[in-house]
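Here is a short report for a reader who is new to this structure. Look at the sequence and the model first, then follow the headings.

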Amino acid sequence: MEKLESQVADRLTRYYIVALTLVAVLTVSGLFLIRRTINNLNHDSRIVNVAGRQRMLSQRLTKLAILQTEKIPTSDSVKIDSLLNIWKVSHEQLLRGRIRMESEFVVLKSDSIKNMYRNLEPVFQTIYTNLLTVINKSVPEGEKKKALRIILTTEPVFLNQMDAIVFQFDRESYGRIRILEQIEWILDILTLIVLLAEGILIFRPVVNTTRRVVRLLAASEDAVRVANKKLKIANSQLIRAQDDLIRSEEEKYQLQLAENRVRAAALIEGQEEERKRFALELHDGIGQMLTGLKLQAEKLKQMQFDDEKYRLRFDKLVALIQDTIQTTRQVSFNLMPSVLSDFGLSAALNLLCKQMEEMSGISVKYYGTSGRLELSKPMETGLYRIAQEALNNAVKHSESDNIKIKLEQNTNQIFLEIEDDGKGFLISNLKNKNGSILTQNGIENIRTRTQLLNGEMKIISNVDTGTRLVINIPI
């Protein structure tokens, strides 16, 4: 009996595996064909787009050639030689069968389209050669006008042939869609046949076997019910013990978290006070001494030097003193900017963007509230340090060309955003095995300051899409 049941089970398993494999093969085949056709249609649309742009460029080049030959002023600021180069490169890509945009696309050309391109090549070369003649300043005006007449005569032929190529691409794309529809019908019919065979050969035997198993399970259900009653009593006692343990652990964790926050707040407050003291010492102590040194050096500069070499060395010394003063001021500003306490967070962020733009050469702009916000000193300092840290990270690591800082406030919240258009990254790369953010690139400092302000931090990024840091602080 057991051997018979084993044979039946093995046979049903084989049938089931074969049926699922056939359904999977048919489904994957259909998806592959659809995906492939969609990719081809996407490529065809890009090709039609480039071909349409070629028509537009030829007309625009002809217009610019007429304006340049006739010396008619125009508001079109695009240089004709740059347009001509784009037109030539796009034509060569269409002729070669590979179009490079955000990536390289392969042009699927039939024999008829290839013949159309071969017939188009001499027409293109005629227009291109005469356009080179028109834009050549050393060519006499008579030859330029002659070349312009040739261009005006040849351009309609070029446009008609480009229209024919676009229409041929469209016809061939439609033909591929029709073939895909026929193949899809065949795959759907085969899938239905396989599902029908599965119902007859597999589902019915499985139902009969299931009935027998259900009868056996019903017989043992009463015994299981009695055992379950005993288990419920034991489980209730265990659950109460677990709840007590979890509550104790949660209280312990909250106490530890509160202790860590207090320690971090005290550390950051001490750090800010030390920065403020050190900034004042730099500005009022070393800064004043350097300024006095510069004034004394400038007075000595009025003396006559016997040797020109000594005078040049003295000029370099004065320049070095000036650079040292500027560096000391910048260090003092980074430690504790006076504009933050004098004019508020908005003015400090605006000045920070301007200074970072001058030092890095990257476009750093400030958007948002321009007036002074009514914020507490710890909140102003915390938000400024968050923006400073995030801006330094963006300049060092993002390889971006533009960085934006935005500050907004509504009735009960304040928002700080730092966004760049750099290389971005995967958020998963910043997390450890436990799913928490790793302490790298200053992110841990930003997270800690945000938590101390009872706020939320969100990082939005992906590869090649830039990075956006959003800080939300309740007021």
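## A left-handed helix pair

Helices H2 and H3 cross with a left-handed turn. The model shown here is predicted. H2 covers residues 80-96, and H3 covers residues 111-135. Their axes come within 11 Å and cross at roughly 165°. Angles over 145 degrees count as roughly antiparallel, so H2 is roughly antiparallel to H3.

Which residues of H2 and H3 make the contact? H2 brings Ile 80, Asp 81, Leu 84, Trp 87, Lys 88, His 91, Leu 94 and Leu 95. H3 brings Tyr 117, Leu 120, Glu 121, Phe 124, Ile 127, Tyr 128, Leu 131, Leu 132 and Ile 135. By class, the contact of H2 with H3 has 13 nonpolar residues, one polar residue and three charged ones.

## The five-stranded sheet

Further along the chain there is a sheet. It is open, has five strands and follows the order S3-S4-S5-S7-S6. Its pairing is mixed. S3 and S6 (456-461) are the edge strands, and each pairs on one side only. Direction ignored, neighbouring strands of this sheet are turned by 10° against each other on average.

Take the pair S3 and S4. S3 spans residues 363-368 and S4 spans residues 402-409. The two strands run parallel, joined by six bridges. Val 364 stands opposite Ile 403 in S4. Tyr 366 stands opposite Ile 405 in S4.

## Helices across the sheet

How are S3 and S4 linked to a helix? Together with helix H8 (residues 377-397), S3 and S4 make a β-α-β unit, and this unit is left-handed. H8 lies across S3, S4, S5 and S7 (467-474). H8 runs at about 15° to S5.

Helix H7 (residues 345-360) also lies on strands of the sheet: it crosses over S3, S4 and S5 (413-420). H7 runs at about 165° to S3.

## H7 against H8

Two packed helices are described by the angle between their axes and the distance between the axes. For H7 and H8, the axes come within 11 Å and cross at roughly 20°. Angles under 35 degrees count as roughly parallel, so H7 and H8 are roughly parallel to each other. Their crossing is right-handed.

On the H7 side, the contact is made by Leu 345, Ala 348, Leu 349, Leu 352, Met 356 and Ser 360. On the H8 side, the contact is made by Glu 380, Leu 383, Tyr 384, Ala 387, Gln 388, Leu 391, Asn 392 and Val 395. Sorted by class, the contact of H7 with H8 has 10 nonpolar, three polar and one charged residues.

## H8 against H9

H8 has another partner, helix H9 (residues 443-452). The axes of H8 and H9 come within 10 Å and cross at roughly 160°. That angle makes H8 roughly antiparallel to H9. The crossing of H8 and H9 is left-handed.

What meets what in this pair? From H8 come Gly 382, Arg 385, Ile 386, Glu 389 and Ala 390. They meet Asn 445, Ile 446, Arg 449 and Thr 450 in H9. The contact of H8 with H9 has, by class, three nonpolar, three polar and three charged residues.

Note on methods. Residues are numbered from 1 along each chain as its sequence is written. This is a predicted model: local features need pLDDT of at least 70, side-chain atom pairs count only at pLDDT 80 or more; totals for chains, interfaces and linings use all residues. Side-chain values use heavy atoms; hydrogens and water are left out. Two strands pair if DSSP finds at least two bridges between them. Helices (H or I, at least four residues) and strands (E, at least two) are DSSP runs, numbered from the N terminus. A crossover is right-handed if, with the strands pointing away from the viewer, the path from the first strand over the helix to the second runs clockwise. Axes are lines fitted to C-alpha atoms, for helices over the stretch in contact, and angles run from 0 to 180 degrees between N-to-C directions. Angles under 35 degrees count as roughly parallel, over 145 as roughly antiparallel, 65 to 115 as roughly perpendicular and the rest as oblique. A crossing is left-handed if the near helix is turned anticlockwise from the far one by less than a right angle, and right-handed if clockwise. Contact means heavy atoms within 4.5 Å. Ala, Val, Leu, Ile, Met, Phe, Trp, Tyr, Cys and Pro count as nonpolar, Asp, Glu, Lys and Arg as charged, and the others, Gly among them, as polar.
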